[in-house]
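Please open the structure in your viewer and keep the selection tool at hand. The stops below say what to select next and what is there.

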Amino acid sequence: MDELAVARAELAHLEDNERKLVEQLRGVRVAAAVQRKRINELIRTRGPFIQRLPVELLSSILHLALFEADPSEKAILARVSRHWRDVILDDPNFWTTIDIIGGQSLGGVREQLRRSREAPLDIVIEDESSRAHRTIRKGLDLLVPYANRWRSLSIYTRQVLVPLLPIISRRIGTIKFPSLKRVRLQYVGVDTVPIFFSSTNVPVLEHFEIWNTHQNPPSTPGASFSQYIPALTLVTLSLSGHMPPCSLQPDSIHFPVLETLEISLINPVDFFKAIVTPKLKYLDYVIDSTNSLVTVFGGLGEKFSSVRRVSLSTRPSRPDTLGAVAFCRAFPHVHHAEFYSAGPPSGFFDPCEGTDGSQSPADYWKSLESVVFPQIYPPMWLEPPIREIAFVQWLVTRQDQQPLRVRIEGANIPDEKRNFRT
């Protein structure tokens, strides 16, 4: 076969392959079009991605969206789709926060008790007016049979003429709450102090917050602190306003597992003398305007040596060096300190008497790692010039010691104060 014949045969073979490939490509294109159409139909029929989330994940997202939200938000989310409605209605954890507020219908409370099944309950009681007390009494009648499921209790009472707490005390004063772990109590103008949170009634209570604005708490001779606060189980304690009217002897109140203490009390002198807190790690203290730091903490020695972090609000008063020394000695092993003060708390950083002449109260904190000023007002820091500020001078004197982290926050300056001397 000559060369021309060979070339023609090769061309014929290639053209035949071309036809086959074109036919194959046509088939692929047809199949791709069919598949594309099928995918589009599936997308249209499957709905949005959020509707295809696993129920557990969707439930978690909705819980986050409803955290501390108004109860009406739950009804709004339930109307988004049937799927969301079913998730909200079927998950008992969406129905565990029960609000008893005067003037409301209790039909919703009954529905929540049914839908929450056996889940722990978070109870919120609030009196908007004295006329609400009847509703609250009836609400308590509904809730008391489920006392074994109460996980937290919050009581907010604002009525002075007809106080709510005695009404609640009469209804639940003898009830045991075996699962109650958190209590928040805010009350004003009452003639009696609630005593239904003894260790017998709340054997596992861990977090207790009490805010009492009564100006003249009634005297209760011989009353024990444990009648008001179950010290043995508390991990967190927050006290604001006035102390319960009980006897406070030095080292008489033991908090064996307390780790966090938040104090904003009127006249806390006897309280700090009375408490024993071997595991306390954190103190948040608002300085009492009627008692200086040296009055409160002077003479306590190194009583709170387990504390590693302190947060001190120095407004409206600023502590002097004597008060700062008393505070630093009482909490000698602080690692982290926060000062809520518009201006520099110079009392902690000025050289003080009774030392080598250069040591400041803060130098008693040998293990100090960080200092934070969360709410400063820059003009108060920059007049006089910053190098003359006691804190800055203190930093200079300790520059050869272990590194110290300093964080300054909250530098909000009104427009009329933006031009200040540096």
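Begin by selecting His 254, which counts as partly exposed at 46% relative accessibility, where partly exposed lies between buried, under 20% relative accessible area, and exposed, over 50%, with a 1.4 Å probe and protein chains only. His 254 sits in strand E7, residues 253–254, and strands (E, at least two residues), like helices (H or I, at least four), are DSSP runs numbered from the N terminus. This is a predicted model, in which local features need pLDDT of at least 70 and side-chain atom pairs count only at pLDDT 80 or more, while totals for chains, interfaces and linings use all residues. Residues are numbered from 1 along each chain as its sequence is written, and side-chain values use heavy atoms, with hydrogens and water left out.

With His 254 still selected, add Ala 231, Leu 232 and Val 276, which His 254 touches when residues up to four places away in sequence are not counted; contact here means heavy atoms within 4.5 Å. Ser 226 can be added as well, since its C-alpha atom is separated by 9.9 Å from that of His 254, although the two are 28 residues apart along the chain.

Next, select Phe 271, Phe 272, Tyr 285, Phe 297, Phe 327 and Trp 365, the residues with the most contacts inside the largest nonpolar core, which has 90 residues. Such a core is a set of buried Ala, Val, Leu, Ile, Met, Phe, Trp, Tyr and Cys residues joined through side-chain atoms within 4.5 Å. Helix H10, residues 321–330, gives the most to this core, with five residues. If you then centre on Phe 297, you will find that it touches Phe 272, Tyr 285, Ala 326, Phe 327, Ala 330 and Phe 331, again not counting residues up to four places away in sequence. Apart from the largest core lies another, of twelve residues, among them Leu 58, Leu 66, Leu 77 and Val 87.

Now select helix H2, residues 55–66, together with helix H4, residues 82–90, which pack at an angle of about 80° with their axes 10 Å apart. The axes are lines fitted to C-alpha atoms, for helices over the stretch in contact, and angles run from 0 to 180 degrees between N-to-C directions. H2 and H4 are therefore roughly perpendicular to each other, a term that covers 65 to 115 degrees. Their contact is made by Val 55, Leu 58, Ser 59 and Leu 62 of H2 and by His 83, Trp 84, Val 87 and Ile 88 of H4.

Finally, turn to the salt bridges, of which the structure holds nine, each being a side-chain nitrogen of Lys or Arg within 4 Å of a carboxyl oxygen of Asp or Glu. In helix H1, residues 3–46, select Lys 20 and Asp 16, which are separated by about one helical turn because they are four residues apart, and whose side chains meet in a salt bridge of 3.5 Å, N to O. Adding Arg 19 shows a network of salt bridges that links Asp 16, Arg 19 and Lys 20.

The last selection is Glu 111, which is partly exposed at 29% relative accessibility. Arg 114 forms a salt bridge with Glu 111, the closest N and O atoms being 2.7 Å apart, and the side chain of Arg 115 also meets that of Glu 111 in a salt bridge, at 2.6 Å, N to O.

Technical notes
Parallel < 35°, antiparallel > 145°, perpendicular 65-115°, else oblique.
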